[in-house]
Amino acid sequence: FLFHSLQAKMSRPVQARRLEGIDKNVWVEFVKLAATYSKVNLGQGFPDFPPPDFLTEALTRALGGGSHMLHQYTRAFGHPPLVKVLAQFFEKLLGRDLDPMTNVMVTVGAYQALFCCFQALVDEGDEVIIIEPFFDCYEPMVKMAGGTPVFVPLRPNPPKDGRLMSSADWQLDPAELVSKFSKRTKAIVLNSPNNPLGKVFSHEELGLIAELCVKHDVLCISDEVYEWLVYDGKQHIRIASLQGMWDRTVIIGSAGKTFSATGWKVGWVVGPDRLLQHLRTVHQNSVYHCATIAQEAVAQGFQRELTLYGKPESYFVQLPKELQQKRDWLVQSLDGVGMKPIIPEGTYFLVADISPFKSDVPDVPNSDEPYDSRFAKWMVKNKGLAAIPLSAFYSEAHKNNYTNFIRFCFAKEEATLKAANDILQKWKQEKTS
Amino acid sequence: MFLASRNLCCRGIKLRTDLLSRSIKHSTSATMPFRHKNTRRIEGLDSNVWVEFTKVAADPSIVNLGQGLPDISPPSYVKEELAKVAAVDRLNQYTRGFGHPSLVKALSQVYEKVCGRKIDPLTDILVTVGAYGSLFSTIQALIEEGDEVIIIEPFYDCYEPMVKMAGAKPVFIPLRCKSDGNSSSSADWVLDPAELANKFNSKTKAIILNTPHNPIGKVFTLQELQVIADLCIKHDTLCISDEVYEWLVYKGNKHIKIATLPGMWERTVTIGSAGKTYSVTGWKLGWSIGPEHLIKHLQVVHQNTLYTCPTPLQEALAQAFWMDYKRMDDPDCYFYSLSRELESKRDRMAQLLKEAGLKPVIPDGGYFMIVDVSTLNVDLTDVGEKQPYDYKFVKWMIASKKLSAIPLSAFCGPETKKQFEKYIRFCFIKKDSTLDAAEVILKNWNKQ
């Protein structure tokens with residue numbers, strides 16, 4: 001009997017079924033390639049300039065201060081100084097009273113905030129609407145929670161006057177969006193400003209999503225990590241401030257993106273207690289506490305920003321100003337060699353159409369791999385320029401919908417962007433000669 | 001009516017949106033009731049002993065020997081490394097998801113020495129958010145509905161909810177006091193081998209082992225580990241070995257890694273903690289070490305839950321590990337010096353408790369001590385709430401003696417709570433002034 005039961009056990013895989021279909025990850029491969037081959041890395045999304053001085057100084061102060069208790073556990077759902085200042089900040093932004101203990105929770109990066117949302121709110125059989133292209137982790141996280149991702153694409157509407165496309169030209173088809181809502185729809189994931197396109201959803205677009213959420217009693221998981229990175233005088237609108245939305249929205253934010261310190265892995269959720277209570281349950285049964293000292297420093301960073309809010313010295317004013325210049329620089333650079341950038345309204349990413357360079361990477365019929373992925377790999381190996389194929393941000397079924405786009409990150413020092421330009425110029429020259 | 005045309009321009013979208021908008025407004029009748037409750041996987045997992053007791057003990061006038069949190073300083077070089085790291089720009093950005101390269105390299109070196117086998121830093125190690133994160137990643141990766149997981153009582157409280165969240169069934173087995181209730185040492189608490197064997201069946205996916213043990217402080221002997229190993233091999237069961245207190249073993253005891261027993265490396269995930277190793281619980285860094293064919297699944301969980309751990313903390317930890325790796329043959333290595341420091345605190349704590357008429361169980365390892373409080377005969381039958389005796393005792397002690405501890409029944413499954421409700425747990429990784437304050441309370445205990 002023991003023998004048979006052992007046989008049965010050994011024929012089953014050792015890993016849990018929840019891992020099915022989520023083991024592949026585009027970053028593992030592309031980060032490795034960039035590390036090996038790239039001379040200029042515009043791939044993975046992180047700044048190559050340092051965080052602002054006031055943030056690193058806050059960390060140094062915390063370390064130098066008398067209390068070594070900053071090296072010990074803090075409050076599990078968020079270090080009190082941090083949740084307090086986040087509550088104060090978001091009260092201002094949302095125009096409502098917030099309780100730091102119940103309306104805010106700190107997480108290990110926005111990544112873990114997303115994980116808590118799906119685990120707390122998505123059950124087997126639930127559908128979750130994901131707008132394509134999307135930050136790639138949404139899909140596997142929905143699957144790991146037993147949910148079914150339902151995709152709806154942003155569709156490009158190229159301007160007729162021949163000017164460069166803007167991320168605003170990529171839009172949802174309202175009727176198509178409506179058709180994705182069903183009895184089983186539990187939530188929709190909204191990412192505005194959007195990674196990878198840089199789209200900043202307009203009031204009308206958010207209004208439509210909000211009405212559908214209210215009509216179908218659907219939750220909104222609103223990934224707003226790039227909330228401060230909006231250009232050309234655009235406004236980031238928080239969907240939670242629209243009618244009927246506060247009660248059904250979890251807002252996700254990130255210190256990594258806000259303060260250019262992605263390696264600190266401090267994120268947060270803001271929302272109604274009746275949703276956050278379930279995120280707290282997941283959190284207390286998965287990581288429990290987040291690192292104390294990083295939270296202390298981020299709290300001080302936010303304190304500074306609170307006093308400087310709206311003023312020219314505010315980091316939240318300066319950073320987007322700086323990044324807009326870098327955006328424009330990269331746009332010029334790409335346009336100058338014949339690649340067609342889609343001008344992003346926000347984030348520090350832009351997507352470009354690389355069609356004029358396709359002849360360097362011939363198509364391979366019947367290849368499993370999407371063309372843009374092969375192109376990006378060839379580019380990093382042969383030109384030393386790292387970028388990410390747009391297909392990385394699409395579901396399996398739609399990976400071949402757009403074959404000519406790759407995503408560049410422009411949160412980089414001038415020297416890096418200049419070096420990228422040199423590579424592109426040289427490449428173009430090689431093609432024309 | 002909805003127009004399904006795909007030919008859109010900006011104006012077209014606005015028009016369509018408006019039409020849709022009006023149509024939705026008219027069709028919505030009364031507001032639907034809010035149906036969004038918790039998912040099934042977290043049903044019943046919302047309460048937590050820590051939430052209850054850390055709040056109560058947060059009052060600074062209370063001498064806090066409850067939560068396992070050092071109030072001693074981490075070694076200065078550890079703090080210095082973090083200060084140094086703060087000045088290095090690139091260390092403020094993302095590092096390798098499965099573990100910062102210099103850290104996994106340092107961990108592989110340290111553990112190769114301890115285990116006597118080659119450990120690949122990239123495939124055999126995962127860095128997680130505390131040992132807590134390692135437990136979660138391991139359980140999510142390898143445990144699912146239909147599985148049973150054996151948990152030894154008393155247990156670090158998160159094992160049960162984590163197993164349940166994975167959809168599996170916890171199967172409890174208690175440590176039993178072999179000297180008929182009169183225990184003076186953690187070594188008195190043992191598993192009954194026949195009882196243990198009975199808990200294994202074809203559904204048993206894993207057993208969770210915690211050595212040195214929290215809360216009792218037991219350090220499992222080679223023979224005891226062999227019994228567990230034999231059963232794991234016989235039933236093809238995995239072993240999740242929580243060894244966060246691995247360096248904290250006292251004279252006469254040796255920490256043995258079950259993964260080093262024959263046949264065990266391939267079925268064991270061993271978990272460690274920076275918080276416990278370096279007295280930096282707030283750094284929240286831990287690790288899982290094991291064979292690639294198991295660790296790769298933990299890595300999949302990790303890449304779908306939080307992806308990377310903080311870079312600066314990992315770098316600082318790596319530097320601290322290198323320093324101690326170089327002196328692993330030297331008694332001044334922090335791995336050994338901390339243990340010596342704690343042994344004298346242990347002995348002092350035990351003495352104080354005995355003098356107050358309490359019966360401590362002297363731990364062979366870890367930094368907790370359980371104490372039988374029944375000898376005091378404190379009558380709490382009048383206390384209203386229906387809670388186990390030890391919960392009521394701790395609350396009474398906090399209120400009347402200004403001293404906190406943790407009730408042991410928090411660490412037991414439902415069947416065993418009665419067996420352990422006369423015990424409470426004290427944490428002794430506390431600075432001298434805290435222990436002095438505890439001494440005053442204990443010396444004055446009977447003078448009321």
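Start at the interface of chain A and chain B, across which five salt bridges are found, a salt bridge being a side-chain nitrogen of Lys or Arg within 4 Å of a carboxyl oxygen of Asp or Glu. This is a predicted model, in which local features need pLDDT of at least 70 and side-chain atom pairs count only at pLDDT 80 or more, while totals for chains, interfaces and linings use all residues. Residues are numbered from 1 along each chain as its sequence is written, chains are lettered from A in the order in which they are written, and side-chain values use heavy atoms, with hydrogens and water left out.

Select Arg12(A) and Asp147(B) next: they form a salt bridge whose closest N and O atoms are 3.2 Å apart. Then display helix H5 (residues 109–121) of chain A, which gives seven residues, the largest share of the side of chain A that touches chain B; helices here are DSSP runs of H or I with at least four residues, and strands are runs of E with at least two, numbered from the N terminus.

Widen the selection to the whole contact (heavy atoms within 4.5 Å), which takes 96 residues from chain A and 98 residues from chain B. Within chain A, the residues that lose the most area to chain B are Lys9(A), Tyr73(A) and Asn285(A), together 9% of what that side buries.

Finally, move to Asn194(A), in the loop between strand E7 (185–191) and helix H8 (203–216) of chain A. Asn194(A) is buried, at a relative accessible area of 2%, where buried means under 20%, exposed over 50% and partly exposed in between (1.4 Å probe, protein chains only). Beyond its neighbours within four places in sequence, Asn194(A) is in contact with Pro133(A), Leu154(A), Lys199(A), Phe201(A) and Thr347(A).

Key. Buried area = accessible area lost by both parts, 1.4 Å probe.
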